[in-house]
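User: I have a structure open here and a few things to ask about it. Can you go through them with me?

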Amino acid sequence: MARLGSWIEPFPEGIYVRPADAWIDPSQPKAKALVTHGHADHARGGHSEVWATAETLAIMGVRYGDQNGHAVAYGERIRLGEVDVSFVPAGHVLGSAQIVLEHGGERIVVSGDYKRREDPTCAPFEPVPCDIFITEATFGLPVFRHPDTGSEIDRLLHRLHSDPSRCVLVGAYALGKAQRVITELRRRGHDRPIYYHGAVERLCNLYEELGVPLGEMRHTAGAKKEDMAGHIVIAPPSALNDRWSRRLPDPVTAMASGWMRIRQRARQSNIELPLIISDHADWDELTCTIRELAPREVWITHGREEALKHWCMIHQIKARELNLVGYEDEDD
Ligand SMILES: [Zn+2]
Ligand SMILES: [Zn+2]
């Protein structure tokens, strides 16, 4: 009998599904690409044909121009070559999907990036029992346990209200994290206008078009310094220590990222208010998911593979590192 999953092959540039002659999240241009979600390390431009959710195709359209895309709805089943393929919510960012592959009586789930906690901007992760679960391990160490999101948002609001002469500048990845922070703020009753840096504008507009309301947003470019006092300003992390921030009224610099668990990382980037808000599964979410799915094998794409591999071994699940390259996960 052939080895489990012998019909898919990991290459450094992505996962090749032989009987479909298609690649998953390839980092090089390919004839046929299945794309889990819109982050730049998973969705690249230049493929001849792309299969993804309509939301992911729209995000790719904003970044790379129109795609020769085939939109696949969550739960819809398509046939590619000799493989049945479906896309299931991954709970990572708007449109993010796990890709479920069925062939020769085996089911393989490629999760892409995912998380298990609630996110008002996207559909929740849907567990699909499988023979092989292919997972990320960005936060695959027991030290990574993300706190409750609501309490992090409360810390942000508390800081904002404690000094109305200043603004709080929040660094957040432009796709997903920025919109999630805004939506979580709205849920906690923050209804003042939120200012944004130009680099997050297009994706905020797209989220709204796709049905995620963000409330009143204002561009920093047209605003006077004093108007922004007592307000939240959202910007990509790269803008935090940039000349651009001089236009803001004495900003408290915050950053929303799973990496803020590491104090040294916050200090190095001059972050005064680290907020541990992540779009990736933490250690408990990774291990609970594997326990829940009970796959025969776990394949780990990227991140801190060692500890998770060890955990699988202890729990009598065969685990393997795929050593894919090019997944940066600054989209944390
Ligand atoms: Zn991602
Ligand atoms: Zn990623």
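User: What follows H3, and what is the sign of its phi?

Analyst: Gly189 comes after H3, and its phi is positive, near 90°. Helices here are DSSP runs of H or I with at least four residues, and strands are E runs of at least two, numbered from the N terminus. This is a predicted model, where local features need pLDDT of at least 70, side-chain atom pairs count only at pLDDT 80 or more, and totals for chains, interfaces and linings use all residues. Residues are numbered from 1 along each chain as its sequence is written, and side-chain values use heavy atoms, leaving out hydrogens and water.

User: How many residues of helix H3 are buried?

Analyst: 10 of the 11 residues in H3 (residues 177-187) are buried, so the helix is largely enclosed by the rest of the structure. Buried means under 20% relative accessible area, exposed over 50%, and partly exposed in between, with a 1.4 Å probe and protein chains only.

User: What covers them?

Analyst: The cover includes helix H2 (149-162), helix H4 (198-209) and strand S16 (252-256).

User: And Glu184, what does it touch?

Analyst: Glu184 is in helix H3. Leaving aside neighbours within four places in sequence, Glu184 contacts Glu118, Pro120, Thr149 and Ile153. Contact means heavy atoms within 4.5 Å.

User: New topic: where is Ala123?

Analyst: Ala123 lies in the loop between strand S10 (106-110) and strand S11 (132-137).

User: Buried, exposed or partly exposed?

Analyst: Ala123 is partly exposed, because its relative accessible area is 28%. Not counting residues up to four places away in sequence, Ala123 touches Tyr74, Pro89 and Gly91.

Definitions and conventions: Chains lettered and ligands numbered in written order.
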